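Q: I am new to this structure. Please take a close look at a single part of it, and set that part in the context of the whole chain.

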Amino acid sequence: MQSPLPVRDGVNATRLRLPDEGPWETALDYMMHRWGHIDPQGIEDRFDAGEIVGEAGIALDRSTPMQDHTFIWYYRTLPPETRIPVELDILHQDDHLLVVDKPHFLPTTPGGTYIQESALVRLRNQLGLPDLIPMHRLDRMTAGILLLSTNPETRGKYQVLFEKRQVQKEYECVSAAVPAPGHPAVDFPVVVRNRMTKSRSYLLAEVVDGEPNAETRIERLHTFDGSGAPGVDGGPHRRALYRLEPHSGKTHQLRVHMASLGLGIVNDAFYPELLDKAPDNYAKPLQLLARGIRFVDPISGSPVEYRSRLELSEAR
């Protein structure tokens, strides 16, 4: 459902569904029930200013009956945010697509404590493109190639490519050269297949029994002496650079699949072991990079490929 309110400061208006029944007579009553403990005066001021609207952009006032609208839209009050000290690199822009290198630590879309400090909002404001929409997502801690649609009229053509898995993605990561104790040796290249689901206990993904729904091809590119502590035999701590080719797109899929081999990605605070939450350490980004993406462009009909210019800091 399209919002009757335009994007403001790079952020979409928030949509709220009003309940079909309840003790609230007006939309104002319901919003006071939901958020009146936070900013009651601010809610009343928004109604008085006509900043809360229903279907067709009709402004609501304090007396508007709740049953008059199913959905209402309004702009959230955005808290101040500390700028994340990273920058986006624009690799390609045309009438249909924007391709950027997203750095580590910057989320793709607004959420939680990151609104203005998201790739989407930064780019909307920087380029003056309020209709910009990401075609896929990268985790906040993952860097690399991100595609965004600049044209609502052609957006569906690109969305179909992702839905039909006609987009090939390539990632790189740094991990140990040999699996952790307790894990068998791996004969590369290897294909990992299993069934993944969101954990009920935490915002993580986990492997469960059942028909596989996640698949990744993993290839070891080369090994090298890593920095830091020595290896288990007292010699140099051997690490390796891996190429990852996912054939599905589950949350944290690559991180889970590497950890399942005993090869947890360097600086991963989630897998194989969930570490205590700590402030972002910009000197130690997750060593996972979306290196490239390729597909047949639905507009030109020609194959295209975009490659990241970023490098993993531990890949040396």
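A: The part chosen here is helix H1, followed by the cores and some unusual backbone spots.

Start with the whole chain. This is a predicted model. The secondary structure comes to five helices and 13 strands. The C-alpha atoms fill a box of roughly 75 × 45 × 40 Å along the principal axes. The chain has 316 residues, and 44% of them count as buried. Among contacts with a separation of 6 or more, 61% link residues 24 or more positions apart.

Now the helix. H1 covers residues 27–35. Which of its residues are buried? They are Ala-27, Leu-28, Tyr-30 and Met-31. Because these residues cover an arc of only 160° around the axis, they lie on the same side of H1. What covers them? The cover includes strand E1 (14–17), helix H2 (40–48) and strand E2 (71–74).

One of these buried residues leads further. Leu-28 belongs to a second, separate core of 14 residues. Leu-16, Phe-47 and Tyr-74 are also among its members. Leu-16 falls within the range of E1, Phe-47 within that of H2, and Tyr-74 within that of E2.

The largest nonpolar core is another set, with 33 residues. Leu-148, Ile-218, Tyr-242, Leu-244, Met-258 and Leu-288 touch the most other members there. Several elements give two or more residues to this core, including strand E4 (97–102), helix H3 (119–127), strand E6 (143–149) and helix H5 (253–260). Strands E7 (168–176), E8 (190–198), E11 (238–246) and E12 (288–296) do so too.

Next, the backbone between such elements. Most peptide bonds are trans, and most residues other than glycine have a negative phi. Some spots here depart from that pattern. A cis peptide bond joins Phe-188 and Pro-189, with omega about -5°. Pro-189 lies in the loop between E7 and E8. Another cis bond joins Tyr-271 and Pro-272, with omega about 5°. Pro-272 sits in the loop between H5 and E12.

The loop between H5 and E12 also holds Asn-267. Asn-267 is not a glycine, yet its phi is positive, about 70°. Phe-105 is not a glycine either, and its phi is about 80°. That residue lies in the loop between E4 and H3. Are these two residues buried or partly exposed? Phe-105 has 4% relative accessibility, so it counts as buried. Asn-267 has 33%, so it counts as partly exposed.

Notes:
Residues numbered from 1 in each chain as written. Predicted model: local features only at pLDDT ≥ 70, side-chain atom pairs only at ≥ 80, totals over all residues. Heavy atoms only, no water. Helix = DSSP H or I, 4+ residues; strand = E, 2+ residues; numbered from the N terminus. Buried < 20%, exposed > 50% of the residue type's maximum accessible area, 1.4 Å probe, protein only. Contact = heavy atoms within 4.5 Å. Arc of directions from axis to C-beta. Core = buried A, V, L, I, M, F, W, Y, C linked by side-chain atoms within 4.5 Å.
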